[in-house]
Protein chains: 2
Amino acid sequence: MSTKRIAGPEIERLIQLLAKVPGLGPRSARRAALHLIKKKDQLMAPLAGALAEAVEKVTVCSVCGNVDTVDPCSICTDPRRDGATVIVVEDVSDLWALERAGAMNAKYHVLGGTLSPLDGVGPEDLNIRSLVDRVAAGGVSELIIAVNATVEGQTTAHFITDQLEGLDVKVTRLAHGVPVGGELDYLDEGTLSAALRSRTSF
Amino acid sequence: MSTKRIAGPEIERLIQLLAKVPGLGPRSARRAALHLIKKKDQLMAPLAGALAEAVEKVTVCSVCGNVDTVDPCSICTDPRRDGATVIVVEDVSDLWALERAGAMNAKYHVLGGTLSPLDGVGPEDLNIRSLVDRVAAGGVSELIIAVNATVEGQTTAHFITDQLEGLDVKVTRLAHGVPVGGELDYLDEGTLSAALRSRTSF
Ligand SMILES: [Zn+2]
Ligand SMILES: [Zn+2]
């Protein structure tokens, strides 16, 4: 990308910041900036306001690690949710994905990542202590560890399970299997083996 | 996409607005929102500020149709530019693309689109009258019509040429080298430079 200045400093700065938004690159950022400028009243002004409001109001839930505009978050304080079941996820994006799936009426605990010694991420960098404390405080009967099926995810799941030793909680994990709509010949052997081992009756 | 609310209304609204930004869709908008929330101080707050500043300051140049924070725009008032050569473009994005190519030290005229009877876009919807007036006022010796190599672009170019009948100005167009059906914004700088160098008379 050329660094030639093509507009005033305010527009240049806007393009540079937009280019840092995931999903946009330098070229998309220019198109986005121009679109925003053209839709000043319909889009740019409301977006500026929504961002400013989010900057002011969004906070991390002190109970579960979710992001919301209230603390504790609206999931933690939702009386219709079954607080006895807590789904442990790596990231808020996973919480959102599970909520969209709408499969469980449970509460959550967001770890904030996975253990990764090579990247210098240890247990103290994740919300593990608060998870153990939450279980120890009572009221949680099942912990569904819904971390990614990666080496780091599984290492983190095992570490958490060890930390919960002696506490009265059932620890489960997501089933391995063929994704709904997935084609067998695109799946790796590990997934296929797991799907075969966990086969169910028609 | 599920319409299930996965976060507070402020975050939902931010996601909905981000989804309207070109380059982002509903899924990317959620990822973008989450990234912005995580980088609140480094990215979300500065972006909110840059957008608010742009909302307040960005304006359309009354001379050429470019967008800038000053009117007339900084290209129109740049004394180092050759005002005798005016490049006519459809959109500000084309102006930006030509500026990045850096091939011509000229001024511009932004039409704001192309003639498109089917879409109800007539001459009065474009900055054509102001272009003719600008040429009639004198001082412009060459008009380079750098519209897209589409049917609408070429129709618009011919219409403009007709309007300039009798005025003392040389009208040229970009050389072939611009792919038929191609949009300027997507072309590499070398192609744009070559097309400008090989411009031909109407
Ligand atoms: Zn919470
Ligand atoms: Zn101007």
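In what follows, a donor is an N, O or S atom within 2.8 Å of the metal, and water is not among the atoms. With that in mind, I shall present this predicted model, beginning with its metal sites.

In chain B, the zinc ion (ligand 2) is coordinated at 2.3 Å by the SG atoms of Cys61(B), Cys64(B), Cys73(B) and Cys76(B). The angles among its four donor atoms run from 103 to 116 degrees, and the site is tetrahedral. Along the sequence, the donor residues follow the spacing C-x2-C-x8-C-x2-C. Two of these donors link distant parts of the chain: Cys61(B) sits in the loop between β1 (59–60) and β2 of chain B, whereas Cys76(B), 15 residues apart from it, sits in the loop between β2 and β3 of chain B. Is Cys76(B) buried or exposed? Its relative accessibility is 12%, and the cut-off for a buried residue is under 20%, so Cys76(B) counts as buried. Cys61(B) is likewise buried, at a relative accessible area of 4%.

I turn to chain A. The zinc ion (ligand 1) has as its protein donors the SG atoms of Cys61(A), Cys64(A), Cys73(A) and Cys76(A), which lie 2.3 Å from it. Here the four donor atoms make angles of 104 to 117 degrees, and this site is tetrahedral. The spacing of its donor residues in sequence is C-x2-C-x8-C-x2-C. Cys61(A) belongs to the loop between β1 (59–60) and β2 (67–68) of chain A, and Cys73(A) to the loop between β2 and β3 (82–89), so this pair ties together parts twelve residues apart in sequence. Both are buried: Cys61(A) has 4% relative accessibility, and Cys73(A) has a relative accessible area of 0%.

Next, the helix α1 of chain A, residues 9–18. Seven of its ten residues are buried, so the helix is largely enclosed by the rest of the structure. Among them are Ile11(A), Leu14(A), Ile15(A), Leu17(A) and Leu18(A), as well as Glu10(A). What do the buried residues of α1(A) pack against? Within chain A, they meet α2 (26–38) and α3 (40–57); from chain B, they meet α3 (40–57), β2 (67–68) and α4 (92–101).

Returning to chain B, strand β4 (residues 106–110) has five of its five residues buried, so it too is largely enclosed. β4(B) pairs with β3 (residues 82–89) in the parallel sense, over five bridges. Within this pairing, Ile87(B) stands opposite Tyr108(B). The chain passes from β3(B) through α4(B) to β4(B) in a right-handed β-α-β crossover.

Finally, an annotation: an unreviewed UniProt entry places the feature "domain: Toprim" at residues 84–179 of chain A. That span is 32% helix and 20% strand, and its end C-alpha atoms lie 28 Å apart.

Definitions and conventions. Residues are numbered from 1 along each chain as its sequence is written. Chains are lettered from A and ligands numbered from 1 in the order in which they are written. This is a predicted model: local features need pLDDT of at least 70, side-chain atom pairs count only at pLDDT 80 or more; totals for chains, interfaces and linings use all residues. Side-chain values use heavy atoms; hydrogens and water are left out. Buried means under 20% relative accessible area, exposed over 50%, partly exposed in between (1.4 Å probe, protein chains only). Helices (H or I, at least four residues) and strands (E, at least two) are DSSP runs, numbered from the N terminus. Contact means heavy atoms within 4.5 Å. UniProt positions are given in the numbering used here, feature names are shortened, and annotations may be inferred rather than shown by experiment. Two strands pair if DSSP finds at least two bridges between them. A crossover is right-handed if, with the strands pointing away from the viewer, the path from the first strand over the helix to the second runs clockwise. Donors are N, O and S atoms within 2.8 Å of the metal (3.2 Å for Na, K and Ca); water is not among the atoms, so sites may look incomplete. Four donors count as tetrahedral if all angles lie between 85 and 135 degrees; four count as square planar and six as octahedral if opposite donors are over 155 degrees apart and all others between 65 and 115; anything else is irregular.
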